[in-house]
Amino acid sequence: MSEDNEIQPTILVIHPSGYTEFLDADMTAMSYSEIASVIDAEDIEIMHFSGPLSNITKECGLEKNIVMCFDRKAVAKGLESNSIGDVLSDEAHEVKGAIIIALEDNEYNSSSFENEEDIENVFEAIDDLTGVLRRETDDNGQYDAWA
């Protein structure tokens, strides 16, 4: 990893609307409940493996694996469907509410992206996979500079 590509620890948060934000957050320094609070959850589930997540990890040449975190109680809470989460789970779960896209090592230690090229490549791979599901503006119609 070259030094000029380093960024503040950052995760992707993808909302049910498809709006995706790059959020400064250091998952290695966060407790489980702090990670959950990023998406207004009390308890999260971490999807470690799915075909799409594994393919994105390989396609982007990452040393760590891509993981997806989502609200474990989203269905019971009646949260909106997250079509991008459904695609990333390979339709194995009904994903509702916002999701977090982060990294994880082989010992299941979660971490944030720390390289601009890595997070942008993952963002683009998700966009390529999901097509028109991702939006460049948030729910308020504001432009997303990262999109």
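Is Lys-96 buried or exposed? Lys-96 counts as buried, with a relative accessibility of 14%. Keep in mind that this is a predicted model. The side chain of Lys-96 meets that of Glu-94 in a salt bridge, with N to O at 3.6 Å.

## Salt bridges

Let's stay with the charged pairs for a moment. Side chains of opposite charge can pair when their charged atoms come close. The count here comes to four salt bridges, and the table gives three of these pairs, including the one just described.

| Salt bridge | N to O distance |
|---|---|
| Glu-45 and Arg-72 | 4.0 Å |
| Asp-71 and Lys-77 | 2.6 Å |
| Lys-96 and Glu-94 | 3.6 Å |

Take Glu-45 and Arg-72, whose side chains meet at 4.0 Å. Glu-45 sits in strand 3 (residues 44-47), while Arg-72 is in the loop between strand 4 and helix 3 (74-77), so this pair ties together parts that are 27 residues apart in sequence. Glu-45 is partly exposed at 23% relative accessibility, and Arg-72 is partly exposed too, at 43%. There's a wider link here as well: Asp-43, Glu-45 and Arg-72 are joined in a network of salt bridges.

Asp-71 and Lys-77 make another pair, with N to O at 2.6 Å. Asp-71 is buried, with a relative accessibility of 4%, whereas Lys-77 is partly exposed at 40%.

## Helix 5

Now for helix 5. Its 15 residues (116-130) should span 21 Å at 1.5 Å a residue, and the end C-alpha atoms are indeed 21 Å apart, so expectation and model agree. Which residues of helix 5 are buried? They are Ile-119, Val-122, Phe-123, Ala-125, Ile-126 and Thr-130. Looking down the axis of helix 5, you find these buried residues within an arc of 160°, so they line one face of the helix. As a bit of background, an α-helix has 3.6 residues a turn, so residues three or four places apart point the same way.

Both ends of this helix have something to look at. At the start of helix 5, a side-chain oxygen of Asn-115 comes within 2.9 Å of the backbone nitrogen of Glu-117. After helix 5 comes Gly-131, which has a positive phi, near 60°.

Thr-130 also belongs to helix 5. Thr-130 has a relative accessible area of 9%, so it counts as buried. What lies 2.8 Å from a polar atom of the side chain of Thr-130? The backbone oxygen of Ile-126 does. Not counting residues up to four places away in sequence, Thr-130 touches Ile-84 and Val-87.

## The nonpolar cores

Next, the nonpolar interior. The largest nonpolar core has 23 residues, and those that touch the most other members are Ile-66, Met-68, Leu-88, Ile-101, Val-122 and Ile-126. Two or more residues of this core come from each of strand 1 (6-14), helix 2 (51-59), strand 4 (65-71), helix 4 (83-88), strand 5 (99-104) and helix 5. Helix 5 gives the most, with five residues. There's also a second, separate core of 14 residues, with Ala-25, Ala-41, Ile-44 and Ala-98 among them.

Ile-66 is worth a click in the viewer. Setting aside neighbours within four places in sequence, Ile-66 is in contact with His-48, Leu-53, Ile-56, Thr-57, Ile-101, Ala-102, Leu-103, Phe-113 and Val-122.

One of those partners, Leu-53, lies in helix 2. Leu-53 is buried, at 1% relative accessibility. Again leaving out neighbours within four places, its contacts are Met-47, Ile-66, Val-67, Met-68 and Leu-88. The C-alpha atoms of Leu-53 and Asn-65 are 7.9 Å apart, with the two residues 12 places apart along the chain.

## Ser-111

Last stop: Ser-111, in strand 6 (residues 110-111). Ser-111 counts as buried, at 4% relative accessibility. Which side chain makes a polar contact with the side chain of Ser-111? The side chain of Lys-64 does, at 3.1 Å. Not counting residues up to four places away in sequence, Ser-111 touches Met-27, Thr-28, Lys-64, Ala-102 and Leu-103. Ala-102 and Leu-103 are also among the contacts of Ile-66.

Technical notes. Residues numbered from 1 in each chain as written. Predicted model: local features only at pLDDT ≥ 70, side-chain atom pairs only at ≥ 80, totals over all residues. Heavy atoms only, no water. Helix = DSSP H or I, 4+ residues; strand = E, 2+ residues; numbered from the N terminus. Expected span 1.5 Å × (residues − 1). Buried < 20%, exposed > 50% of the residue type's maximum accessible area, 1.4 Å probe, protein only. Arc of directions from axis to C-beta. Polar contact = N/O pair within 3.5 Å; in protein donor to acceptor, adjacent residues only side chain to side chain. Core = buried A, V, L, I, M, F, W, Y, C linked by side-chain atoms within 4.5 Å. Contact = heavy atoms within 4.5 Å.
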